[in-house]
Amino acid sequence: MDALDVRLLAVFDEIYKTRSVTRAADNMGLGQPAVSIALAKLREHFSDPLFVRTSQGMEPTPLAAQLLHPVREALDALERVSGHRNTFDPAASDRTFRICMTDISQLVLLPRLWARLRVAAPGIRIDIAPLSSDTGRMLEAGEADLALGFMPQLEAGFYQQALFRQNYVCMVSADHPRIGKTLDLAQYQAADHAVVTSSGTGHLIIDRELARQGIERRIALRIPNFLGVAFVIEHTDLLVTIPQRLGEVLAGRGHFRMLSVPFPLPEYAVKQHWHERFHHDPGNRWLRGVISELLSDAGSA
């Protein structure tokens, strides 16, 4: 395979990623005519248009979708063989990593991650982004390095690593007028509930199990994240069902109490996800190892 053939594969990969000849040219530092010529050669070689212009950009044909994985494997192998892969020295790096995570992960992970980085990688910078429907695209495009949370929609086509198992506890004010040190099912159903709808926290598991078990829950307040939930619960008679690790972080830090959920709920796995394009990136690999070490211990908070 000569250099021209390798460049053609790189053009294919970049157009697939960006869905645009213009953006592919910009990202590769080439003129648009050069990328257009490369695409024409690819089309001639495969006897297929490969990418078709639509209102959403240059969408791949079925053949292009089939070619994507072997093309990226070939590019990755060539990069390793040619010795062009960058090394990564965390102690000397000033790289910025973007991590998509839930607000729970921010509470549980960030303080400990920051403490570790100050010692091992003082020049590293961290940019946190929320989990969203755009997270998968950001990982594929290299706009984010990792995503942490419960994201079954990312499991196809992405690498993943389970960090820990998660379950739920209930939280109420210590002065709750009707709920004391224990919580039964009748009290759960009679209470006014606050519900947090943050992405990546597995909250839909609760809704699914309530429906399956025929348990009713009266939702009085919906809020988009967990960061303010403790203050709300502390000063109201609402009840909230929260992930257990968040309860461990909050325990003893306010005028509220944690109680067992009065019906069975399945555990779910909190994972870190990354795109196959960056599986061998040494910086990404190092960061994954740090996060795994910090969170995989079942006893960590």
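**Notebook: cavities and nonpolar cores**

I searched the whole structure for enclosed space and got 2 cavities of 30 Å³ or more. I note here that the model is a predicted one.

I then looked up the second largest cavity, which holds about 90 Å³ of space. Its lining is made up of Tyr168, Ala194, Val195, Val196, His203, Ile206, Arg217, Phe226, Val240, Thr241 and Pro243. I checked which elements give two or more residues to this lining, and they are β8 (192–196), α9 (203–213) and β10 (239–243). I sorted the lining residues of the second largest cavity by type and got 8 nonpolar, 2 polar and 1 charged.

Next entry: the cores. The largest nonpolar core has 56 residues, and within it Leu148, Met171 and Ile291 touch the most other members. I asked which element gives the most to this core, and helix α12 (residues 282–295) does, with 6 residues. I also asked where this core lies with respect to the domains. The core lies between domain 2 (96–165 + 269–295) and domain 3 (168–266), because both give residues to it.

I followed up on Met171, leaving out neighbours within four places in sequence. Met171 is in contact with Val229, Ala230, Ile233, Leu238, Leu239, Val240, Ile242, Leu250, Phe256, Arg257 and Met258. Val240 in that list is also one of the residues lining the second largest cavity.

Last entry: I found a second core of 21 residues, separate from the other, with Val11, Tyr16, Ala38 and Ala64 among them.

Definitions and conventions
Residues numbered from 1 in each chain as written. Predicted model: local features only at pLDDT ≥ 70, side-chain atom pairs only at ≥ 80, totals over all residues. Heavy atoms only, no water. 1 Å grid on protein atoms, 1.4 Å probe; cavity = no way out; pocket = protein on both sides within 12 Å on 5 of 7 lines; lining within 4 Å. Points joined across faces, edges and corners; volume = space filled by probe spheres on them. Helix = DSSP H or I, 4+ residues; strand = E, 2+ residues; numbered from the N terminus. Nonpolar A, V, L, I, M, F, W, Y, C, P; charged D, E, K, R; others polar. Core = buried A, V, L, I, M, F, W, Y, C linked by side-chain atoms within 4.5 Å. Buried < 20%, exposed > 50% of the residue type's maximum accessible area, 1.4 Å probe, protein only. Domains from an automatic or database assignment. Contact = heavy atoms within 4.5 Å.
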